[in-house]
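Here's a short set of exercises to work through with the model open beside you. Try each task before reading its solution.

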Amino acid sequence: MHFTYCPHCGNKLIQKEIGDEGLIPFCQQCSVPLWDMFTTSVICAVVNEEREVALIRQGYVSATKHVCVAGIMKPGESAEETAVREIGEEIGQEVVKLEYIRSFPYPQKEMLMLGYKATVKKADFRLSGEVDSAAWVKYEDALDKLREGSIAWQLVREAIG
């Protein structure tokens, strides 16, 4: 989100030099800099003891490729809590181990995605209304089901080694 007006008082912002940051939108009335904002989310490579990855289909994301479980952090929630919640909500799996992999900037959606490898004991899927389908996919087949180079593809590649 890029600010043009102050969200506190409504005045139009000016550009002001702020230390090493360069020109930043600044409210003269409130004396506050307003850096660009982004949404923080998680993306999870959900794996099981049979060397499989849970991949999902969501029509609003892609009509042709699978994706990983992902979701937006809620206020007051840690990234780890978000990962566990989203995995439970979207595919009904219970996380037994969670390992941070790395962060992925997603500029097209003004997001920062925090990537995790989530280990679960294989169980039947219980899908949320936002998931069209889910499948357990063998490690060696998983990357072919994802869009090459995508954040999900990069995460799965790193998570399964």
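Helices and strands here are DSSP runs, with at least four residues for a helix and at least two for a strand, numbered from the N terminus. Keep in mind that you're looking at a predicted model.

**Exercise 1: the overall layout**

Task: work out the order of helices and strands in the protein chain, then decide how spread out the chain is.

Solution. Start by counting: the chain has three helices and nine strands. Walking along the sequence, you get β-β-β-β-β-β-α-β-β-β-α-α. Next, check the radius of gyration: at 19 Å it is well over the 15 Å that the globule rule gives for 161 residues, so the chain is more spread out than a compact globule. Then look at the box around the C-alpha atoms, which is roughly 60 × 30 × 30 Å along the principal axes.

Now for contacts and burial. Of the contacts with a separation of 6 or more, 58% join residues 24 or more positions apart. Buried residues come to 41% of the 161 in the chain. To finish, the accessible surface is about 9200 Å², and carbon and sulfur atoms own 50% of that.

**Exercise 2: the largest pocket**

Task: find which residues lie nearest the centre of the largest pocket, and which elements each supply at least two residues of its lining.

Solution. First, the volume: about 610 Å³. The lining takes in 26 residues, and those nearest the centre are V61, V67, Y106, K109 and M113. Next, sort the lining by element: β4 (39-47), β6 (69-72), β8 (111-120) and α3 (151-160) each give at least two residues. Last, sort by class, and you'll find 12 nonpolar, nine polar and five charged residues.

**Exercise 3: helix α3**

Task: decide whether α3 is largely enclosed or not, and list what its buried residues pack against.

Solution. The cut-off you need is that buried means under 20% relative accessible area. Seven of the 10 residues in α3 are buried, so the rest of the structure largely encloses this helix. Go through them by name: I151, A152, W153, L155, V156, A159 and I160. Those buried residues pack against β4, β5, β7 (95-106), β8 and α2. Right after the helix comes G161, with a positive phi near 70 degrees.

**Exercise 4: two buried helix residues**

Task: place A142 and T82 in their helices, then say which residues each one touches beyond four places in sequence.

Solution. Take A142 first. You'll find A142 in α2, residues 139-142, and its relative accessible area is 0%, so A142 is buried. Its contacts beyond the sequence neighbours are V53, L55, V137 and V156. V156 also appears among the buried residues of α3. For a sense of distance, pick K74: it is 68 residues from A142 along the chain, and their C-alpha atoms are 29 Å apart.

Now T82. It belongs to α1, residues 79-91, and it too counts as buried, with 0% relative accessibility. T82 touches V42, G71, I72, M73, K74 and E77, again leaving out residues up to four places away.

**Exercise 5: exposed loop residues**

Task: locate S31, R51 and D132 in their loops, and decide for each whether it is buried or exposed.

Solution. The second cut-off is that exposed means over 50% relative accessible area.

- S31 is in the loop between β2 (23-27) and β3 (32-33). Its relative accessible area is 55%, so S31 is exposed. Check its backbone as well: phi is near 55 degrees, a positive value in a residue that isn't glycine.
- R51 is in the loop between β4 and β5 (52-57). At 52%, R51 is exposed. Its phi is positive, about 60 degrees, although R51 is not a glycine.
- D132 is in the loop between β8 and β9 (133-138). At 53%, D132 is exposed.

One more step for D132: what does it touch, leaving aside neighbours within four places in sequence? The contacts are R57, Q58, G59 and L127. Look closely at the pair with R57: D132 and R57 are 75 residues apart in sequence, yet their C-alpha atoms are 5.4 Å apart in space.

Methods
Residues are numbered from 1 along each chain as its sequence is written. This is a predicted model: local features need pLDDT of at least 70, side-chain atom pairs count only at pLDDT 80 or more; totals for chains, interfaces and linings use all residues. Side-chain values use heavy atoms; hydrogens and water are left out. On a 1 Å grid over the protein atoms alone, a cavity is a set of points where a 1.4 Å probe fits but cannot get out, and a pocket is an open set with protein on both sides within 12 Å along at least five of seven lines; lining residues have an atom within 4 Å of a point. Grid points are joined across faces, edges and corners, and a volume is the space filled by probe spheres set on the points. Ala, Val, Leu, Ile, Met, Phe, Trp, Tyr, Cys and Pro count as nonpolar, Asp, Glu, Lys and Arg as charged, and the others, Gly among them, as polar. The radius of gyration is taken over C-alpha atoms; the globule rule is 2.2 Å times the number of residues to the power 0.38. Buried means under 20% relative accessible area, exposed over 50%, partly exposed in between (1.4 Å probe, protein chains only). Contact means heavy atoms within 4.5 Å. Accessible areas come from the Shrake-Rupley method with a 1.4 Å probe; for residues, only the protein chains shown count as cover.
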